[in-house]
Amino acid sequence: MFALAKTPNDALASLATQIDNLVADNQEKKLAAVINFTGEPSDDYKAKVAEFGTKHNLKNVALTVTADADRFKINDQAEVTVMHYKGKTVKSNHAVAAGGLNEAAVKSIVEGAKAILD
């Protein structure tokens, strides 16, 4: 599971926590997840990302920072993009606009992971 997010904020916390739990619950299926933050990789931004991981007790999700998000060819309007892939094939793709990461969007993203767990 691969996510691109613009900002490490509380709106993202519910999704990150549920992804973390999903990975923990599916270790035998070798589920892995990365949240790649697309801000400028300054020391301050990296510190905010690390603080986000600590604050929300994320233990099973890798948090990274890239300034090279353009290479992923995602929607510029998306605050968060999550791709579920198995092998080299994307099984589901979710793009969420700023302000749209609500309970229903999080649920849809987490349920989309079922496509890669079967």
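Is Val-80 buried or exposed? I began my notes with this residue, keeping in mind that the model is predicted. I find Val-80 in strand β4, which covers residues 78–86, and I record it as buried because its relative accessible area is 3%, where the cut-off for buried is under 20%.

**Entry on the surroundings of Val-80.** I then looked up what Val-80 touches, leaving aside the neighbours within four places in sequence, and I listed Leu-4, Ala-5, Leu-12, Leu-15, His-94, Ala-95, Val-96 and Leu-101. For one of these partners, Leu-15, I also noted the C-alpha separation from Val-80, which is 10.0 Å although the two residues are 65 places apart along the chain.

**Entry on helices α1 and α3.** Leu-15 led me to helix α1, since this residue is among those that α1 contributes to its contact with α3. I took α1 as residues 10–25 and α3 as residues 103–112, and I noted that their axes come within 10 Å and cross at roughly 25°. This makes α1 roughly parallel to α3, because angles under 35 degrees are counted that way. I wrote down the crossing of α1 and α3 as right-handed. On the α1 side the contact is made by Ser-14, Leu-15, Gln-18 and Leu-22, and on the α3 side by Val-106, Ile-109 and Val-110. Sorting the residues of this contact by character, I have 5 nonpolar, 2 polar and no charged.

**Entry on aromatic rings.** How many aromatic pairs does the structure hold? I have 1 on record, formed by Phe-37 and Phe-52, with 5.9 Å centre to centre and 75° between the planes. The pair is edge-to-face, because planes over 60 degrees apart are classed so. I noted that the pair links distant parts of the chain, with Phe-37 in strand β2 (residues 34–37) and Phe-52 in helix α2 (residues 43–55), 15 residues apart. I checked the accessibility of both partners: Phe-37 is buried at a relative accessible area of 0%, and Phe-52 is buried at 4%.

**Entry on backbone angles.** Next I turned to phi, bearing in mind that most residues other than glycine have a negative value. I noted Lys-30, which is not a glycine and yet has a positive phi of about 60°. Lys-30 sits in the loop between α1 and β2, and I count this residue as exposed because its relative accessibility is 73%, with exposed meaning over 50%. I noted Asn-57 as well, where phi is positive at about 55° although the residue is not a glycine. Asn-57 lies in the loop between α2 and β3 (62–65), and its relative accessible area of 48% makes it partly exposed.

**Entry on Phe-2.** Which residues is Phe-2 in contact with, leaving aside its neighbours within four places in sequence? I listed Val-34, Asn-36, Phe-72, Thr-81, Val-82, Met-83 and Tyr-85. Phe-2 itself belongs to strand β1, residues 2–5, and counts as buried at 14% relative accessibility. I closed this entry with the C-alpha distance between Phe-2 and Val-61, which is 9.8 Å for two residues 59 apart along the chain.

Conventions. Residues numbered from 1 in each chain as written. Predicted model: local features only at pLDDT ≥ 70, side-chain atom pairs only at ≥ 80, totals over all residues. Heavy atoms only, no water. Axes fitted to C-alpha atoms, helices over the stretch in contact; angles between N-to-C directions. Helix = DSSP H or I, 4+ residues; strand = E, 2+ residues; numbered from the N terminus. Parallel < 35°, antiparallel > 145°, perpendicular 65-115°, else oblique. Left-handed = near helix turned anticlockwise from the far one by under 90°. Contact = heavy atoms within 4.5 Å. Nonpolar A, V, L, I, M, F, W, Y, C, P; charged D, E, K, R; others polar. Buried < 20%, exposed > 50% of the residue type's maximum accessible area, 1.4 Å probe, protein only. Phe/Tyr/Trp six-rings, centres within 6.5 Å; stacked < 30°, edge-to-face > 60°.
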